[in-house]
Amino acid sequence: MSVIKVENLNKSYGSLKVIDNLSFELKGGEQVVIMGASGSGKSTFLYMLGGLEKCNSGKVLVNDRDLTKMSDEALAKYRNKDIGFVFQFHFLLPTIDCLENILMPARLGKANLSKVKSYVLGLAKRLGVEDCLNKFPYQVSGGQQQRINLIRALSLKPKLLLCDEPTGNLDSKNSELVTDLLLELSKEMGTTLIVVTHDDDVAERFEYQIQMVDGILN
Ligand code: ADP
Ligand code: MG
């Protein structure tokens, strides 16, 4: 069964056509990297899969539910419960510590907090950022912030993990580490993983690579 099925998707910003009649299908548990030059529409596509951006026409089916037909309220629930999103820029709130940042989706979704806490603590240990949990985002490095970001995205065990240039701000060593963790964790959890990147070193770690050129996937 397809976890994601996109049909004839179109998206324009004014006269700029960003996604051009795109169709795309993905089975559950797959790990895919989408590559392409800056401005080719990668982020826009990922945002539409994440229910963060609306299309002009077409269908975006995730687990047989069409995101383009869902209410804002249903989309908010979808974003909270069904997907994890790792943004290029971390979007950690500066006024609360890293643990509280990680627990935000759990609090919003009224999940069992102590269960989520023990789960994310395990992830933090594994990712080597246990010591960061009680620090504010500005007190930890970029690589650590990105790992915190990743733990937050995984905190509610999403079926689908969408990552926009997750290693964009990292040096090559941290970039490799984060990429391998993404692959390892998603495999272990049976999570479908889509990573967008323009970094060849990141892309070559994936078996399944797709190119985006001017809003079309090849
Ligand atoms: P990529 O992630 O591949 O670099 P994007 O999806 O961010 O590409 O952007 C594709 C094109 O759409 C670019 O030309 C960009 O300037 C334009 N674009 C993206 N978001 C907006 C927006 N909110 N308003 C207007 N133009 C946008
Ligand atoms: Mg982008």
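This passage describes the nonpolar cores, the ligand surroundings and several individual residues of a predicted model.

The interior is considered first. The largest nonpolar core comprises 36 residues, and those with the most contacts inside it are I148, I151, L161, L182 and L193. At least two residues of this core come from each of several elements, namely strand 3 (31-35), helix 3 (98-108), helix 4 (113-126), helix 5 (142-154), strand 7 (160-164), helix 6 (172-189), strand 8 (192-196) and helix 7 (200-203). The surroundings of one core residue can be given in detail: when neighbours within four places in sequence are left aside, L182 is in contact with L150, L161, C163, P166, L193 and V195. A second core, separate from the one just described, has 31 residues, among them L49, L75, I83 and F87. As a general background to such groupings, nonpolar side chains tend to be buried together in soluble globular proteins.

L75, which belongs to the second core, is also one of the buried residues of helix 2 (residues 72-81), the others being Y78 and N80. The partners against which the buried residues of helix 2 pack are helix 1, strand 4 (57-62), strand 5 (65-66), strand 6 (83-86), helix 3 and strand 7.

Attention now turns to the ligand. The residues around ligand 1 are Y13, L16 and V18, together with the run made up of A37, S38, G39, S40, G41, K42, S43 and T44. By class, this shell around ligand 1 contains four nonpolar residues, six polar residues and one charged residue. Three pairs of atoms illustrate how the protein approaches the oxygen atoms of the ligand: a backbone N or O atom of G39 lies 2.7 Å from an oxygen atom of ligand 1, a backbone N or O atom of G41 lies 3.0 Å from an oxygen atom of ligand 1, and for K42 a polar side-chain atom lies 2.9 Å from an oxygen atom of ligand 1. Ligand 1 exposes 560 Å² when taken alone, and the protein buries 58% of that area. Two or more residues of the shell are given by strand 2 (16-27) and by helix 1 (42-49), and helix 1 gives the most, with three residues.

A further residue examined is Q31, which lies in strand 3. Apart from its neighbours within four places in sequence, Q31 is in contact with L183, S186, K187, L193, F206 and Y208. Two of these contacts can be described at the level of atoms, since a polar atom of the Q31 side chain lies 2.8 Å from the backbone oxygen of L183, while a polar contact of 2.8 Å joins the side chains of Q31 and S186. By comparison, Q31 and N149 are 118 residues apart in sequence, and their C-alpha atoms are 19 Å apart in space.

Finally, the backbone angles of two residues deserve mention. Most residues other than glycine have a negative phi. N8, although not a glycine, has a positive phi of about 45 degrees, and the place of this residue is in strand 1 (residues 2-13). K157 is likewise a residue other than glycine with a positive phi, here near 50 degrees, and K157 lies in the loop between helix 5 and strand 7. As for their surroundings, N8 is partly exposed, with a relative accessible area of 41%, whereas K157 is exposed, with a relative accessible area of 52%.

Definitions and conventions. Residues are numbered from 1 along each chain as its sequence is written. Chains are lettered from A and ligands numbered from 1 in the order in which they are written. This is a predicted model: local features need pLDDT of at least 70, side-chain atom pairs count only at pLDDT 80 or more; totals for chains, interfaces and linings use all residues. Side-chain values use heavy atoms; hydrogens and water are left out. A nonpolar core is a set of buried Ala, Val, Leu, Ile, Met, Phe, Trp, Tyr and Cys residues joined through side-chain atoms within 4.5 Å. Buried means under 20% relative accessible area, exposed over 50%, partly exposed in between (1.4 Å probe, protein chains only). Helices (H or I, at least four residues) and strands (E, at least two) are DSSP runs, numbered from the N terminus. Contact means heavy atoms within 4.5 Å. A residue is near a molecule or strand if one of its heavy atoms lies within 4 Å of it. A polar contact is a pair of N or O atoms within 3.5 Å; within protein, one must be able to donate a hydrogen and the other to accept it, and residues adjacent in sequence count only if both atoms are side-chain atoms. Accessible areas come from the Shrake-Rupley method with a 1.4 Å probe; for residues, only the protein chains shown count as cover. Ala, Val, Leu, Ile, Met, Phe, Trp, Tyr, Cys and Pro count as nonpolar, Asp, Glu, Lys and Arg as charged, and the others, Gly among them, as polar.
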